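Here are a few exercises to try with the model open in your viewer. Work each one through before you read its solution.

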Amino acid sequence: MLTGVLLLLTVTAVFAGVPSEDSKRLVDQLSESEHFKNEHHNKQYDHDAFLGQDQAKTFDQLAPEESKRRLGIIVDKIDGDGDGFITLVELKDWIRYTQKRYIDEDVERHWRQHNPNNEDEISWEQYRKNVYGFMDDMDDKEKYSPNSEGFTYNGLMKRDRRRWHHADGNQDDSLNRTEFAGFLHPEDHPDMREIVVLETMEDIDKDNDGRISIDEYIGDMYRPEEGEEESEPDWVKQEREQFSEYRDTNKDGFMDEHEVKNWIAPPEFDHAEAEARHLVFEADADADEKLTKSEIIDKYDLFVGSQATDFGEALARHDEF
Ligand SMILES: *[C@@H]1O[C@H](CO)[C@@H](O)[C@H](O)[C@H]1NC(C)=O
C-alpha cells in the first residue's frame, strides 16, 4: 500500500480527540509531502492535480457514467480555443489553474478560521491556542508518546513553530496573509523550499542519522502486506533502481539533504508541466501529442476518480454541473 494512505489513517486515529478542522490540517500537513514523493504511482496525485483536491474528493463519490459526463464538461472548458484538441499547454494551464484555485480557497478558509475579526496578522500564540490548545490539558506522556509513524503531538507543534518562523518574513512572530499562505502551503512558495526539504527529510529518515538509506526510501512508499514480502511489485523494484542510479548522485548509498532537495524540489522544475506531460503520455492513444475528448474519456480513471457503484452520487451534486 502507498504510505500516504497508511499515514493518513494512522494520524487520523491518533488525532481522534482533536477538533476536526484542526486535526484535518495536521493530517493534510503530514500527507502534503507525499504528493511530491509518490507522484509516479499515485492515482490520487493525478486526480488532485487535474481537479484540485476538493473536486477530486467529489469525483471519488461518483458513479463511472456520471464521472465521465462531468469530465466531458471539464474537457470543453480546458479546450480554450475550441478546436477539439487538448494540447500540452492547455492541459498545463488548466492544472496550474486548479492548483491555484485550491490553494487560494484553502488559505482563505484557514485565514478566516484563525482570524475571525479579520485583523492584518495572526500571532503564533493565537494560532497555537487554536490548533494545539488541547495539549494544555495533556500530561507529558500523552504529549511525547509517538504514534506508529513516530509522530508526537509535541513534535508536530514544534515543527509548525519552526515553519511559522520560516514563513515570518519580518520576524515579528505574527503572520500576515501572504506569510500565512507560505506557512500553510510551503510547497507553493520558493522561499519555503528549505523547510519542505527539511520536513520531508525528517519524515523519511526514521533512524535520525541525517540521511536517507535505500530501506528508508522504499519503506516510506511501500510496505509489504502480510505474506507479500517475497514478491515486490515492479514499481518498487524500479524505485530501488531510481534510488541507486539517480537519487544517490554521489553513490555513497544514502541520500543527503542536497540529494533530497534535487529530488523533491529541483530548481526550475515545473510540476504542472510534468503532470501535463504524464497525462498526455498516458492517454494519447494515437500518439499525436494532443488529446481528444474521447481519448480522455477512455482514460477517465486516470484523470478523475470514481466509484464502481452509484452509491453516494446523490451526495456529491455540485452547482457547477
Ligand atoms: C506581509 O509581509 C511581508 C513581509 O514579511 C510583505 O512583503 C508583504 O507584502 C505583506 N503582505 C501583506 C498582505 O500585507
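**Exercise 1: the annotated stretches**

Over residues 66-101 the chain is 75% helix and 0% strand, with the end C-alpha atoms 23 Å apart. (Helices, H or I of at least four residues, and strands, E of at least two, are DSSP runs numbered from the N terminus.) This is a predicted model, where local features need pLDDT of at least 70, side-chain atom pairs count only at pLDDT 80 or more, and totals for chains, interfaces and linings use all residues. Residues are numbered from 1 along each chain as its sequence is written, and side-chain values use heavy atoms, leaving out hydrogens and water.

Task: find which residues the annotation "domain: EF-hand" covers, and describe residues 192-227.

Solution. Start with the record: the unreviewed UniProt entry puts "domain: EF-hand" on residues 66-101 and 192-227. Next, take residues 192-227: the chain there is 56% helix and 6% strand, and its end C-alpha atoms are 41 Å apart.

**Exercise 2: the ligand**

Task: work out which residues are around the ligand and how much of its area the protein buries.

Solution. Step one, list the neighbours (a heavy atom within 4 Å): Gly169, Asn170, Asn176, Thr178 and Glu179. Step two, check ligand oxygens: one is 3.4 Å from a polar backbone atom of asparagine 170, and a polar side-chain atom of asparagine 176 lies 2.4 Å from an oxygen atom of the ligand. Step three, turn to nitrogen: threonine 178 has a polar side-chain atom 2.9 Å from one in the ligand. Finally, the ligand taken alone exposes 370 Å², and the protein buries 42% of that (Shrake-Rupley, 1.4 Å probe).

**Exercise 3: a helix at the pocket**

Task: find which helix gives the most to the lining of the second largest pocket.

Solution. Two candidates each supply at least two lining residues: helix H9 (153-167) and helix H11 (193-204). The winner is H9, with six residues.

How values were computed:
Polar contact = N/O pair within 3.5 Å; in protein donor to acceptor, adjacent residues only side chain to side chain. UniProt positions renumbered as here; feature names shortened; annotations may be inferred.
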